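Hi everyone, thanks for coming. I'd like to walk you through one structure today, so please have a look at it with me.

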Amino acid sequence: MFRRKLVISALFFVFVATFASLSFYLTKKTDSASLTSASTTLANSRMSYKAGVATGSSGSSVVTIDAAANPDITTNHLFPGDVVCFTDAGQNGCIGNTTYTVSSVAAVDGVSFNLTTPLGANLDTSGYVIATQSGGWTVSFTTVAQVPIGGSLVVTVPMADNTVGNNAIPDHATDIATGGFDLGRLGPSNVIVSAGCTPTSWGSTGLVTSIATGSATTDHVFTWTRAGSICSAASAITVTVGGPGIVNPAPKTSGHTQGTADIYGITVQTKDSGGNVIDSAIPRAAPVEAVLISGTVDESLSFVVASLAGGAQTYCGSQTYILSSATSIPWGHFAATNTFYYSAQQLTVSTNAASGYVVTIEENDQMGKNGNTCTGTAPSAGDYTFSAGTCIRDTVCASSNCSESVASDWITATSYPGLGYSLATVSASPDAPFFYNEKTRTWSAKQLADKTQGGETAATIMSNVGPVNASSIYVCYKITIPGTQPSGYYYNIAKYTATATF
Amino acid sequence: MINNKSKIKTIGVLFVFAYLFIRLFVYSDSVQAQEVSLSLSPPITELTIQPGRSYIQVFTLRNDGAPVTIGPKIFPFIPLDRQGHAELIEDKNSVDVFAPWFYFDQTPVSLGTTGSRDFYVKITPPVGTEEKDYYFTFIVEVQNENNLGINNSLAQARIGANILISVSKDGNPSKKASAITFSAPRLIDSFSTLNYKVVIANTGFSFFKPTGKITVDQIFGSTTVLNLAPLNVLVGGAREISCIQDENLIPCTLPGKFLIGIYRSDLTFTIDDSGTAIAKQIYTIAFPFSVLIGVAIIFIIYRIIKRLTG
């Protein structure tokens with residue numbers, strides 16, 4: 001009986017001992033996994049600017065920086081429009097609680113810049129000039145294992161060692177290991193889980209449970225505890241930092257190359273209720289200097305004279321037009337007398353001149369036979385005799401005469417021979433002073449201003465009091481000759497002159 | 001056998017034809033429409049200079065049209081109207097008078113498509129030049145040859161840049177202005193707009209730009225400020241001044257869809273943002289006359305209907 005008990009006890013002991021040994025030697029601790037698809041996106045990835053002050057006097061708007069060993073030793077990364085703050089050596093906020101705006105940066109010396117307003121006080125030459133760059137963050141990742149109720153999500157943001165990490169002044173250090181971000185006085189409402197695993201079950205309805213500002217030796221830590229439900233594996237989670245955003249550091253003072261990012265690791269971890277890490281990842285945040293993209297637009301005036309196709313067209317009403325070129329209205333041989341012939345050109349003007357432009361038209365003379373002079377503005381006899389010259393006259397349009405300055409309806413080819421012109425809008429451009437169909441007229445026309453022989457003033461055919469982009473009109477010419485017009489070769493020159501308004 | 005050969009030949013020809021036809025559309029070069037297209041920069045130059053001193057202005061001409069031959073010239077001009085338009089004085093005598101002032105290469109030059117040319121114009125008012133303003137236009141004109149041999153009107157394109165020169169020994173020429181017109185309707189309907197007309201005259205010896213505003217106070221109401229556009233007012237002339245908003249010239253019009261009450265409008269401006277301000281004041285009364293007339297018509301119709309039915 002005793003022996004049997006002894007055997008049972010021995011067997012029980014062996015079993016327990018074996019079980020304990022197996023448990024001790026064969027059980028392996030589980031390693032935490034890496035969170036997948038982890039990333040950190042900075043809404044503003046531009047590094048903060050921080051340079052030492054060399055000179056800057058009250059009443060002056062010129063500031064010179066110290067080219068000594070500071071995060072920035074040139075003004076290459078300072079741009080017009082930047083808001084700058086001048087601090088003392090201890091970086092105790094902006095002196096006088098005043099900020100200034102950069103108006104221009106000297107490209108030549110690389111160490112001075114101008115402000116839009118003069119300085120209100122002398123600058124501390126042991127202090128700094130700072131252009132703070134901050135912005136929101138988006139940290140995304142996907143869990144590998146589930147996060148239990150009571151577990152937590154922890155985001156660790158590096159902070160520069162031995163600095164004030166939450167005063168909205170950008171921090172700097174000699175290298176990445178000792179550098180980091182300033183929290184910029186973020187509040188809990190600015191740091192939230194915005195998506196994934198029922199966001200309201202993280203922290204206080206999504207808001208961060210705690211923000212632990214870093215110290216001389218520790219980094220900033222955002223923590224959310226998991227409440228309400230388990231966050232299952234393979235959940236995509238997004239953490240958003242909004243509000244004033246996190247302040248980007250200035251460049252590291254050792255080994256930094258302008259244009260090359262200083263890359264900081266942001267640690268993201270999920271933990272169980274005991275504080276043991278379940279999953280983790282270290283996505284990177286990489287602030288870098290911005291690039292100034294600039295260009296100069298010169299003030300200019302652009303003028304285009306274009307040919308227009310012949311045939312049945314509608315430039316100034318439906319007519320059959322003669323094909324023009326950019327430099328001539330080739331009437332050719334007049335097949336019929338007392339018949340209207342039409343031709344047209346298109347004028348287009350663009351200018352960024354603030355006070356606009358004007359285009360005038362004038363002729364060197366009326367159309368003289370073989371280029372002879374047509375003295376005066378009207379024939380000395382009949383329809384084509386000008387003292388000693390023979391010409392195709394400028395039309396008078398109708399009994400109520402048109403002139404180079406007054407338009408009149410020109411509809412009768414037989415009674416009112418000569419050359420005239422009218423205007424039509426293109427793409428609703430309002431820049432012409434009159435139009436062929438104005439005042440319910442059939443073809444409202446004017447004479448070309450005969451400046452040389454007639455002493456007339458060039459007439460405005462396009463104008464605008466402000467900048468225009470491709471303002472365009474049709475200039476339509478019309479001619480008819482009487483049956484008695486002597487044969488010959490008639491021509492003149494019409495001049496378009498485009499100038500900016502003074 | 002012969003048939004097969006013929007077929008292959010026909011197919012070959014068709015293939016080559018089809019290839020060339022497709023290539024015609026796919027690879028053909030873009031065709032430039034025939035046009036004269038010139039750009040000139042800067043469009044205006046303002047200069048105050050001592051007699052005997054020189055200044056070099058560079059005008060850049062660009063050709064974006066068909067190849068052209070162009071020739072540069074300089075003509076004096078006079079203000080033509082109150083809109084800032086100029087009238088070129090092209091007679092030989094007037095041009096010759098100022099020939100010693102300008103030195104530039106007047107040789108016609110050919111410009112290909114997208115070609116450009118810088119014209120260096122050295123401006124030197126001779127010693128002893130009277131201290132006053134002189135206005136010129138630098139003109140670049142397309143050289144046309146009339147050898148068509150048919151009846152025609154040649155079209156000559158010219159593009160110009162204005163040069164405003166104040167000759168002054170001390171660099172501080174006398175500038176004087178007067179507001180010859182500051183007007184608006186005295187009585188308007190509430191639903192109409194209140195438009196201002198501002199004409200400023202130059203009675204001094206040098207061109208200037210007015211800097212100022214129209215301040216519109218509604219009695220017992222709001223204040224609206226309309227900023228005057230800094231347009232050049234040339235000596236001996238007058239300029240109708242627009243207003244400016246966001247770098248765009250706009251008519252000087254009081255914004256708002258319904259105006260009512262008395263509006264006091266003060267025009268104040270200085271010359272080139274310095275010196276004593278020049279001021280003028282006008283009043284406008286806005287009243288809903290159209291509403292009153294409408295009510296009156298309705299009342300009359302009502303009375304007529306009532307009388308007829310009564």
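Before I point at anything, a word on naming: when I say helix or strand, I mean a DSSP run, at least four residues for a helix and at least two for a strand, numbered from the N terminus. With that in hand, we can place A:Thr198: this residue sits in the loop between strand 11 and strand 12 of chain A. Please keep in mind that what you see is a predicted model.

Let's stay with that loop for a moment. A:Thr198 has a phi near 55 degrees, which is a positive value in a residue other than glycine. Its neighbour in numbering, A:Cys197, forms a disulfide with A:Cys231, with the two sulfur atoms 1.9 Å apart. The link between A:Cys197 and A:Cys231 is right-handed, with 90 degrees about the S-S bond. What does this pair tie together? A:Cys197 is in the loop between strand 11 (191-195) and strand 12 (210-212) of chain A, while A:Cys231 is in the loop between strand 13 (220-225) and strand 14 (236-247), so the disulfide connects parts that are 34 residues apart in sequence. Over all chains, the count comes to six disulfides.

Now to the place where the chains meet. On chain A, 50 residues are in contact with 46 residues of chain B. Together the two chains bury about 4,000 Å², and 53% of that is on carbon and sulfur atoms. Which three residues supply the most on the chain A side? They are A:Thr327, A:Tyr489 and A:Phe502, which supply 20% of the area that chain A buries against chain B.

There is plenty for those of you who like polar chemistry, too. Between chain A and chain B, 27 residue pairs are in polar contact. Several elements of chain A give two or more residues to the side that touches chain B, among them strand 19 (301-307), strand 24 (357-363) and strand 33 (490-500). Strand 33 gives the most, with eleven residues. Sorted by type, the chain A residues on that side are 26 nonpolar, 19 polar and five charged.

Strand 33 of chain A deserves a second look. This strand pairs with strand 10 (residues 152-167) of chain B in the parallel sense, over nine bridges. If you want a spot to zoom in on, take A:Tyr491, whose bridge partner in strand 10 of chain B is B:Asn152.

On to charges. How many salt bridges are there between chain A and chain B? The count is two, while a search of the whole structure finds 15 over all chains. At one spot, the side chains of A:Lys451 and B:Glu90 meet, 3.0 Å from N to O. A:Lys451 lies in helix 2 (residues 451-454) of chain A and B:Glu90 in the loop between strand 5 (86-88) and helix 2 (92-97) of chain B, so this pair joins two chains. At another, the side chains of A:Glu362 and B:Arg158 form a salt bridge at 3.7 Å, N to O.

One last stop, on chain B. The peptide bond from B:Ser41 to B:Pro42 is cis, with omega near -5 degrees. You will find B:Pro42 in the loop between strand 1 (35-41) and strand 2 (44-49) of chain B.

Conventions
Residues numbered from 1 in each chain as written. Chains lettered and ligands numbered in written order. Predicted model: local features only at pLDDT ≥ 70, side-chain atom pairs only at ≥ 80, totals over all residues. Heavy atoms only, no water. Contact = heavy atoms within 4.5 Å. Buried area = accessible area lost by both parts, 1.4 Å probe. Salt bridge = Lys/Arg side-chain N within 4 Å of Asp/Glu carboxyl O. Polar contact = N/O pair within 3.5 Å; in protein donor to acceptor, adjacent residues only side chain to side chain. Nonpolar A, V, L, I, M, F, W, Y, C, P; charged D, E, K, R; others polar. Pairing = 2+ DSSP bridges. Disulfide = S-S within 2.5 Å.
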